[in-house]
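Take the fold apart piece by piece. Keep the sequence and the 3D view open together, and follow the paragraphs in order.

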Amino acid sequence: MTWQALSMTDSTLPTDAELKKRLTRLQYDVTQRAGTERAFTGEYWNEKAPGVYHCIVCDEPLFSSDTKYDSRSGWPSFWEALDPSKVEMKEDRSYGMVRTEAVCANCGAHLGHVFPDGPQPSGDRFCMNSASLRLEKDDGETGSDDT
Ligand SMILES: [Zn+2]
């Protein structure tokens, strides 16, 4: 093995038991069992606030609101990942279809699917589940400190 493999920090990722406790049933089902939330039911499909969408499991920043767009699919859709190395693409042959599954490159959480019918410049549509994401909104307010 290379030094890269040795330096991986898998031990900092939450365990299955921790996830079961921390995540809602839907969040767990989507991220750990490649489930899909029902269209137009998620928290973020119609979210327009600026910010960064993090992985619900490991908190890695994955998408920016700058690349979010209204795909009218009922799921939060992006035309690009924050960093291509953060979202891993896998071939998914479930349900008799060939689709591209998108997973968090850091923890392996299922995020959604990528379709080739997105807007330019990328032409990709990252069709994500709200349940896989946590939006950290840009703080537009003037900094008020609690102390
Ligand atoms: Zn993750």
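**Starting from one strand residue**

Phe115 is found in strand E7. Helices (H or I, at least four residues) and strands (E, at least two) are DSSP runs, numbered from the N terminus. The model is a predicted one: local features need pLDDT of at least 70, side-chain atom pairs count only at pLDDT 80 or more, and totals for chains, interfaces and linings use all residues. Residue numbers start from 1 along each chain as its sequence is written.

Is Phe115 buried or exposed? Phe115 counts as partly exposed, because it has 16 C-beta neighbours inside 10 Å. The scale is simple: a residue is buried if 20 or more other C-beta atoms lie within 10 Å of its own, exposed if 12 or fewer, and partly exposed in between, with C-beta atoms placed from the backbone. Across the strand pairing, Phe115 stands opposite Arg125 in E8. Leaving out residues up to four places away in sequence, Phe115 touches Arg125 and Cys127. Touching here is contact: the C-beta atoms of two residues, placed from the backbone, lie within 7 Å. Phe115 and Cys127 are twelve residues apart in sequence, and their C-alpha atoms are 7.4 Å apart in space.

**The chain as a whole**

Now step back. The chain has three helices and nine strands. Along the sequence the pattern reads α-α-α-β-β-β-β-β-β-β-β-β. Of its 147 residues, 30% count as buried. Take the contacts with a separation of 6 or more: residues 24 or more positions apart account for 55% of them.

**The six-stranded sheet**

E7 and E8 belong to an open sheet of six strands, ordered E3-E4-E8-E7-E6-E5, with antiparallel pairing. Strand E3 (68-69) and strand E5 (87-92) stand at the edges; each has a single partner strand, so one side of each is left without a neighbour in the sheet. Two strands pair if DSSP finds at least two bridges between them.

Four bridges join E7 to E8, and the two run antiparallel. Gly112 has Met128 in E8 as its bridge partner. On another side of the pairing scheme, two bridges join strand E4 (residues 77-78) to E8, also antiparallel. There, the bridge partner of Phe78 is Phe126 in E8.

What covers the faces of E8? Both faces are covered: Arg125 and Cys127 on one side, and Phe126 and Met128 on the other, are all buried.

**The three-stranded sheet**

A second region to trace is an open sheet of three strands, in the order E2-E1-E9, with antiparallel pairing. Its edge strands are E2 (61-64) and E9 (133-137), and each pairs on one side only. Neighbouring strands of this sheet are turned by 30° against each other on average, direction ignored. Those angles come from axes, which are lines fitted to C-alpha atoms (for helices, over the stretch in contact), and run from 0 to 180 degrees between N-to-C directions. Strand E1 (residues 51-55) pairs with E2 in the antiparallel sense over three bridges. One position to find is Tyr53, whose bridge partner in E2 is Phe63.

**The core**

The largest nonpolar core has 26 residues. Such a core is a set of buried Ala, Val, Leu, Ile, Met, Phe, Trp, Tyr and Cys residues joined through C-beta atoms within 7 Å. Leu62, Cys104, Leu111, Phe126 and Met128 touch the most other members. Helix H3 (25-33), E1, E2, strand E6 (99-104), strand E7 (110-115) and strand E8 (125-128) each supply at least two residues of this core. Look at Cys104. Beyond four places away in sequence, Cys104 touches Cys55, Val57, Cys58, Glu60, Leu62, Val87, Ala109 and Leu111.

**Helix H3 and the loop after E8**

H3 has four named positions to pick out: Gln27, Tyr28, Val30 and Thr31 are its buried residues. They pack against helix H2 (16-22) and E7. Just after H3, Ala34 takes a positive phi of about 55°.

Finish at Asn129, in the loop between E8 and E9. Asn129 is buried, because 29 other C-beta atoms lie within 10 Å. Asn129 and Gly35 are 94 residues apart in sequence but 8.9 Å apart in space, C-alpha to C-alpha. Not counting residues up to four places away in sequence, Asn129 touches Val30, Thr36, Glu37, Gly42, Trp75, Leu111 and Gly112.
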